[in-house]
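Dear colleague,

I am handing over the structure below, and I would be glad if you could look through it with the notes that follow it.

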Amino acid sequence: MTLVEQEAGPGRHATSQNAAMVRGLAGEDWIRPLSIEGQQFWNRGTSSLPLPRAAFRKTGSLLLASEEETAKKLQAWVLHAQHLGSPAEMWSAERCRMVVPCLRGSPLIAGAYSPDDGIADPLMLTEAFLKAMVREGGSLRLETKVEAILVERGKVRGVSLADGSKLEASALVLAAGAWSPGFLRSLGLSDRGIGVFRRHIHCSLVGADLLEKAPGFLWHLDLQAYVRVEGDGLLFSACDAEPCPPGLPQEDSSLLDRVSERLSSCFPFLQDLPISRFWAGLRTYRPDHRFLLGEDPEIQGLFHATALGGHGVTCAAPVGRITAEAVQAWHQDQERRGQKAFF
Ligand SMILES: Cc1cc2nc3c(=O)[nH]c(=O)nc-3n(C[C@H](O)[C@H](O)[C@H](O)COP(=O)(O)OP(=O)(O)OC[C@H]3O[C@@H](n4cnc5c(N)ncnc54)[C@H](O)[C@@H]3O)c2cc1C
């Protein structure tokens with residue numbers, strides 16, 4: 001197996017631009033089995049892939065609702081998560097404010113506490129995945145840009161590279177994040193409605209003490225903003241989403257006023273916090289937010305692991321498991337038919 005990456009190092013795009021929150025209580029029913037599996041992986045690793053200790057800090061999280069409808073949804077998510085083995089629980093507004101006193105001024109009627117959530121180091125996990133791949137005989141090729149996916153008579157044949165060479169393969173996993181929809185269109189396939197959206201993250205150098213003893217991250221679902229501790233300061237986002245082309249997104253400093261306004265309406269304790277730096281990253285998702293995962297129905301040997309939206313860190317392990325199982329099943333089927341598969 002060969003992993004091909006255009007940059008000089010792995011994880012230089014969405015994987016290092018994110019807020020690194022592992023969130024078991026994801027919003028859509030279909031994703032929760034994956035987000036809980038992902039959360040459990042971050043907490044425990046697996047026997048074949050022990051997680052480096054420093055890769056995850058279990059901190060818990062608190063999702064907040066200020067609308068009746070959202071509180072009901074949260075309740076349903078918690079019940080579903082409990083059914084999947086999560087110790088998540090609902091908190092009243094009083095309990096939220098008692099445990100996290102800085103929420104006193106925030107509009108809220110209920111919260112969902114998820115003790116197994118936490119803060120991840122996505123690059124450390126990426127490194128652990130890559131080391132495991134190399135141990136199993138795979139190889140990593142950095143600074144190797146794929147120009148095109150080669151397909152003949154409906155079957156994957158490999159890729160052509162920017163240096164003019166070719167890599168032969170009968171199976172290919174397209175995990176190109178924001179670049180995936182372009183590859184799909186270049187193959188004459190539907191891009192499945194995948195869109196690429198810029199989101200900003202802001203940080204302060206001070207303020208960590210405000211969240212002392214609070215769960216690791218607070219996320220206001222109705223007012224769409226989140227905050228967590230980052231070093232001695234805080235990291236927060238007003239959950240903006242602007243369509244953007246793939247690449248390194250340009251930050252927009254003109255958003256700062258709007259961001260401060262939004263943040264202070266849901267977390268008034270952030271009102272006077274000086275923003276010391278900010279960056280933007282690209283989230284890639286379909287209109288219904290479903291991941292694009294598994295074997296392509298039109299091109300033999302093509303697999304997808306993309307459109308992970310805002311859940312790619314949480315769900316990294318289950319996405320890898322599902323993709324590996326799909327490729328393995330396909331490989332075994334090829335062997336049964338007497339066709340040679342190569343990667
Ligand atoms: C601001 C922000 C906050 C987020 N917060 C969270 C969070 O708190 N929790 C969470 O679970 N998720 C979060 N996410 C989502 C998460 O970061 C993504 O879902 C995940 O990183 C996507 O990983 P990926 O591998 O699909 O994409 P990427 O990390 O972008 O990787 C795609 C790779 O493909 C390579 N590539 C593309 N084209 C080519 C080519 N032609 N040849 C060779 N290589 C190529 C790129 O160089 C890149 O390295 C957030 C995302 C953003 C942007």
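Please keep in mind while reading that this is a predicted model. I begin with a pair of strands: strand 10, which covers residues 155-161, pairs with strand 11 in the antiparallel sense, and 3 bridges join them. One of the residues involved is Val 159, whose bridge partner in strand 11 is Leu 167.

These two strands belong to an open sheet of 3 strands, which follow one another in the order 9-10-11 with antiparallel pairing. Strand 9 (146-152) and strand 11 (166-168) are the edge strands, each of them pairing on one side only. On average, and with direction ignored, neighbouring strands of this sheet are turned by 25 degrees against each other.

The next topic is the ligand. There are 34 residues around the ligand, and those that come nearest are His 13, Asn 18, Gly 177, Gly 281 and Gly 312. Two or more residues of this shell are given by each of helix 1 (14-17), strand 13 (195-207) and strand 18 (277-285). By character, the shell around the ligand consists of 14 nonpolar, 14 polar and 6 charged residues.

A single residue, Met 124, also deserves a paragraph, and its place is in helix 5, which runs over residues 122-135. Is Met 124 buried or partly exposed? Because Met 124 has 16 C-beta neighbours inside 10 Å, whereas a buried residue needs 20 or more and an exposed one has 12 or fewer, Met 124 counts as partly exposed. If neighbours within four places in sequence are left aside, Met 124 is in contact with Pro 52, Ala 54 and Ala 55. The C-alpha atoms of Met 124 and Arg 53 are separated by 9.8 Å, although these residues lie 71 residues apart along the chain.

Helix 5 comes up again in connection with helix 8. The buried residues of helix 8 are Ala 316, Ala 317, Pro 318, Val 319 and Val 327, and the elements against which these buried residues pack are helix 2 (32-44), helix 5, strand 12 (172-174), strand 19 (292-295) and strand 20 (302-306). As for its length, helix 8 has 21 residues (316-336) and should therefore span 30 Å at 1.5 Å a residue, which agrees with the 30 Å between its end C-alpha atoms. After helix 8 comes Gly 338, which has a positive phi, near 80 degrees.

With best wishes

Definitions and conventions
Residues numbered from 1 in each chain as written. Predicted model: local features only at pLDDT ≥ 70, side-chain atom pairs only at ≥ 80, totals over all residues. Pairing = 2+ DSSP bridges. Helix = DSSP H or I, 4+ residues; strand = E, 2+ residues; numbered from the N terminus. Axes fitted to C-alpha atoms, helices over the stretch in contact; angles between N-to-C directions. Near = placed C-beta within 6 Å. Nonpolar A, V, L, I, M, F, W, Y, C, P; charged D, E, K, R; others polar. Contact = placed C-beta atoms within 7 Å. Expected span 1.5 Å × (residues − 1).
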